[in-house]
Amino acid sequence: MKNIALLIGIIGFTFQSFAQNVEWEEKNFPDKKLFKEAKRHYENGNDQFKVAQAKTAQDLEWFVKEYHYMPNSISELDGMGMEEFRLALDEYLIANQFNPNSATLNFKIAVCYFNIPSQKIMGLTYIEKAMKLNPQVDIMGNFYLGRLLHLASRWDEAISAYRSYQTSLNVDPSKNKDKIADMNRKIAECINGKEYLKNPQRVFIDNLSKTVNTGDPEYTPIISADESVMMFTSRRSTTTDGAKDDAGQWKEDLYKTEFIGGKWTVPVNMGKPVNSDEHDATAGLSPDGQRLYVYRPGKAGTGDIYESFLKGPVWTEPERMNKNINSDAHESSVSLSGDGKKLYFISDKKEEGSIGHRDIWYSVMDEKGKWGKSTYFGNGANTIYGEEGVFVHPDGKTIYFSSQGHKTMGGYDIFKIILENGKWSEPINLGYPINGPDDDVFFVISASGKHGYYASNKSDGQGEKDIYKITFLGAEKPLA
């Protein structure tokens, strides 16, 4: 009944022009009763919005100070404030039914959507409307307009918005040095995106199916050599202990699906001992399929890699890997070389040589079968930004990884380096449409090299991240 009443309020208020900004002042509304009800939802939303902003502000300040760039998404801040943004959005959408022409309300709805990974592109309509109603609605207006246009691959419009936001930062360039540099970076990403779109790669990219992908996020796929088995991470209500984390999301678990009769089976939770009552995520699989690497979080911002062995049809209890792999920092994904003697992994530890947010490291197995002291992987792969999802092809001559640095078109892009004459090549962007303006990460490739699998935020997806299959078509045949 409440929503019906609000809809009646809309009908009774159609004399308001779309181009006219109508803010929350009682004098602007003839129906005082409906106004009070709608404003109550608006103010409830404001309360949640302030809490969400407070939760993210501290993390954001630390992140920029530590890494000198603005994070591309809320996922880089471990989802802080996301649940509060959801709660604020629920209230704002009700208020918006009554007063859809408030620039401030449209702006806040856009910000809420932007901070919910699975729905952020939905904020574009609202930020565009907010900026049309009042171009000075908020000092961050052009920032969010640019980010959402960027995610929609509207490159030139995004560049224009970024430059407008950058102009506002130039009022105090010394104070805003990192933010100005970040705008230059994002403008460059848009220029890169325009270039990549001119030379699309010869691939088919298919959503792995509604059987595997759901409205919940699916990511970090790992596959057996023959592509008959896939394990991946998801946040679902079927999580082992049936509980959500502090950010209001279902806890991560490992799931398994098999390719039978030309179709992927309905994924099943791998259960204990692989999964625990806390977060568990796929981190890697050995080329022979006998070693499974599992990520588990540690204390505040840390995380470790665990190793499980396949004994017959059963996986053993995952054991924490030694101190040369795990540290007091955050280790996430790993990849074992074909001969089993070298382990590549991602860590954000700050040791001599490290230059970025997350970097690629490796360890060599000693004569006793133990992993030796880790070595920083130079070779031009690591950047001052983040690297993630390292994967070594079984031939040992190609390494795939995702990076926010190098020549990306936004978020994480997938790159490869090739070992030639004893030296690693410059990173090569896998190009469009494999990469897009949002995060493309956790790429693995079949032993044959014909298929790749990765997680991506795409507009045709089922949820926040879905798993996609890439079919590489090879060089185009010449015309007869």
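This briefing walks through helix packing, salt bridges, cysteines and a few individual residues in the structure above. The model is a predicted one, so please read every value below as computed from its atoms. Two helix pairs get a close look: helix 3 with helix 4, and helix 5 with helix 6. After that come the salt bridges, of which there are 23, and the disulfides, of which there are zero.

**Helix 3 and helix 4**

- Two packed helices are described by the angle between their axes and the distance between the axes.
- Helix 3 covers residues 82-98 and helix 4 covers residues 103-114; their axes come within 9 Å and cross at roughly 145 degrees.
- The crossing of helix 3 past helix 4 is left-handed.
- On the helix 3 side, the contact is made by Phe85, Ala88, Leu89, Tyr92, Leu93, Ala95 and Asn96. Their counterparts in helix 4 are Leu105, Asn106, Lys108, Ile109, Val111, Cys112 and Tyr113.
- Sorted by class, this contact holds 11 nonpolar, two polar and one charged residues.
- Cys112, one of the helix 4 residues in the contact, is buried because its relative accessibility is 0%.

**Helix 5 and helix 6**

- Helix 5 (residues 123-133) packs with helix 6 (residues 141-151) at an angle of about 140 degrees, and the axes are 9 Å apart.
- Here, too, the crossing is left-handed, with helix 5 passing helix 6.
- Helix 5 brings Gly123, Leu124, Ile127, Glu128 and Met131 to the contact, while helix 6 brings Gly141, Asn142, Tyr144, Leu145, Leu148 and Leu149.
- The residues of this contact divide into seven nonpolar, three polar and one charged.

**How enclosed is helix 5?**

- Why can helix 5 be called largely enclosed by the rest of the structure? Eight of its 11 residues are buried, so the surrounding structure covers most of the helix.
- The buried residues are Gly123, Leu124, Tyr126, Ile127, Lys129, Ala130, Met131 and Leu133.
- These buried residues pack against helix 3, helix 4 and helix 6.

**Salt bridges**

- The count for the structure comes to 23 salt bridges; a few of them are described here.
- Lys194 and Asp156 meet through their side chains in a salt bridge, at 2.7 Å from N to O. Lys194 sits in helix 8 (residues 177-198) and Asp156 in helix 7 (residues 155-169), so the pair ties together parts that are 38 residues apart in sequence.
- Lys194 is partly exposed at 32% relative accessible area, and Asp156 is partly exposed at 48%.
- Lys251 forms a salt bridge with Asp241, with the closest N and O atoms 3.0 Å apart. Both residues belong to the loop between strand 3 (229-235) and strand 4 (252-260), where they are 10 residues apart.
- Which of these two is buried and which is partly exposed? Lys251 is buried, with a relative accessible area of 10%, whereas Asp241 is partly exposed at 31%.
- Asp277 and Lys272 also join their side chains in a salt bridge, at 3.3 Å from N to O. Asp277 is partly exposed, with a relative accessible area of 36%, and Lys272 is exposed, at 56%.
- Asp182, Arg185, Lys186 and Glu189 form one network, joined by salt bridges that share partners.

**Cysteines**

- A disulfide is a covalent bond between the sulfur atoms of two cysteines.
- How many disulfides does the structure hold? The number is zero.
- Cys190 is buried, with a relative accessible area of 0%.

**Two residues worth a click**

- Trp371 is found in the loop between strand 14 (359-364) and strand 15 (375-376). Is Trp371 buried or exposed? Trp371 counts as buried because its relative accessibility is 7%, and buried means under 20%.
- Trp371 and Lys341 are 30 residues apart in sequence, and their C-alpha atoms are 8.7 Å apart in space.
- Arg40 lies in helix 2 (residues 32-67) and is partly exposed, with a relative accessible area of 35%.
- Arg40 and Tyr92 are 52 residues apart along the chain, and their C-alpha atoms are separated by 9.9 Å. Tyr92 is also among the helix 3 residues that meet helix 4.

Methods
Residues numbered from 1 in each chain as written. Predicted model: local features only at pLDDT ≥ 70, side-chain atom pairs only at ≥ 80, totals over all residues. Heavy atoms only, no water. Axes fitted to C-alpha atoms, helices over the stretch in contact; angles between N-to-C directions. Left-handed = near helix turned anticlockwise from the far one by under 90°. Contact = heavy atoms within 4.5 Å. Nonpolar A, V, L, I, M, F, W, Y, C, P; charged D, E, K, R; others polar. Buried < 20%, exposed > 50% of the residue type's maximum accessible area, 1.4 Å probe, protein only. Disulfide = S-S within 2.5 Å. Salt bridge = Lys/Arg side-chain N within 4 Å of Asp/Glu carboxyl O.
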